[in-house]
Amino acid sequence: MGLLARLSRVVPLALLLALVAAIIYLVVTYRHSPARAKEVLILVFTWLCGGLSVFFALASVYAFFDHASAVLDLTASFLAVTLVGLAITRFCNYRFLKHNPHYRQKRLEAHTKRRWPWSR
């Protein structure tokens, strides 16, 4: 199967991921800030691409052992796209933390200790 045929199956998935990214970024930027939107986007895409990678890897292994070469070709193409997406997401996380070091330290919850009125 030619490269053009493989790309024609991979491009719609990449476009769908780009559309999801744009929607998440716009909604979180409107509600919070652009830096928070980038942090949320990195987290969502790490989980999304990781989960899709596991799914397509399992589907590829199943297709390999079932000797379904057409299904294996399709799932391997999608696996390649999700792995590239995961690599890009992790690189974006590296760059985001380099430019926003305060996001490296997460906020801690405050705990109030109740004391008697006379003790300090």
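Phe78 has a relative accessibility of 17%, and since the cut-off for burial is under 20%, this residue counts as buried. Keep in mind that the model is a predicted one, so this value, like the others below, is computed from predicted coordinates.

What does Phe78 pair with? Its ring and that of Phe56 make an aromatic pair of the tilted kind, with 5.3 Å from centre to centre and 50° between the planes. This pair joins distant parts of the chain, because Phe56 belongs to helix H2 and Phe78 to helix H3, with their positions 22 residues apart in the numbering. Phe56 is buried as well, at a relative accessible area of 11%.

Phe56 has another aromatic partner, Phe55, and here the geometry is edge-to-face. Phe55 itself is exposed, because its relative accessibility of 52% passes the cut-off of over 50%. Together, Phe55, Phe56 and Phe78 make up one aromatic cluster. Across the whole structure, the search gives 4 aromatic pairs, and two that include Phe56 are set out here:

| Pair | Centre to centre | Angle between planes | Kind |
|---|---|---|---|
| Phe55 and Phe56 | 5.3 Å | 65° | edge-to-face |
| Phe56 and Phe78 | 5.3 Å | 50° | tilted |

Now for the two helices behind the tilted pair. H2 covers residues 34-65 and H3 covers residues 69-99; they pack with their axes 8 Å apart, at an angle of about 155°. Are they roughly parallel or roughly antiparallel? Angles over 145 degrees count as roughly antiparallel, so H2 and H3 fall into that class. Their crossing is left-handed. Sorted by class, the residues in the contact of H2 with H3 are 19 nonpolar, 9 polar and 3 charged.

A quick look at H2 on its own rounds out the picture. With 32 residues at 1.5 Å a residue, H2 should span 46 Å, and the C-alpha atoms at its ends are indeed 46 Å apart, so the two values agree. Which residues of H2 are buried? They are Ala37, Glu39, Val40, Leu41, Ile42, Phe45, Cys49, Ser53, Phe56, Ser60 and Ala63. It helps to recall that an α-helix has 3.6 residues a turn, so residues three or four places apart point the same way. Just past the end of H2, His67 adopts a positive phi of about 60°.

Terms used
Residues are numbered from 1 along each chain as its sequence is written. This is a predicted model: local features need pLDDT of at least 70, side-chain atom pairs count only at pLDDT 80 or more; totals for chains, interfaces and linings use all residues. Side-chain values use heavy atoms; hydrogens and water are left out. Axes are lines fitted to C-alpha atoms, for helices over the stretch in contact, and angles run from 0 to 180 degrees between N-to-C directions. Helices (H or I, at least four residues) and strands (E, at least two) are DSSP runs, numbered from the N terminus. Angles under 35 degrees count as roughly parallel, over 145 as roughly antiparallel, 65 to 115 as roughly perpendicular and the rest as oblique. A crossing is left-handed if the near helix is turned anticlockwise from the far one by less than a right angle, and right-handed if clockwise. Ala, Val, Leu, Ile, Met, Phe, Trp, Tyr, Cys and Pro count as nonpolar, Asp, Glu, Lys and Arg as charged, and the others, Gly among them, as polar. The expected span of a helix is 1.5 Å times one less than its number of residues. Buried means under 20% relative accessible area, exposed over 50%, partly exposed in between (1.4 Å probe, protein chains only). Rings of Phe, Tyr and Trp (its six-membered ring) pair if their centres lie within 6.5 Å; planes under 30 degrees apart count as stacked, over 60 as edge-to-face and the rest as tilted.
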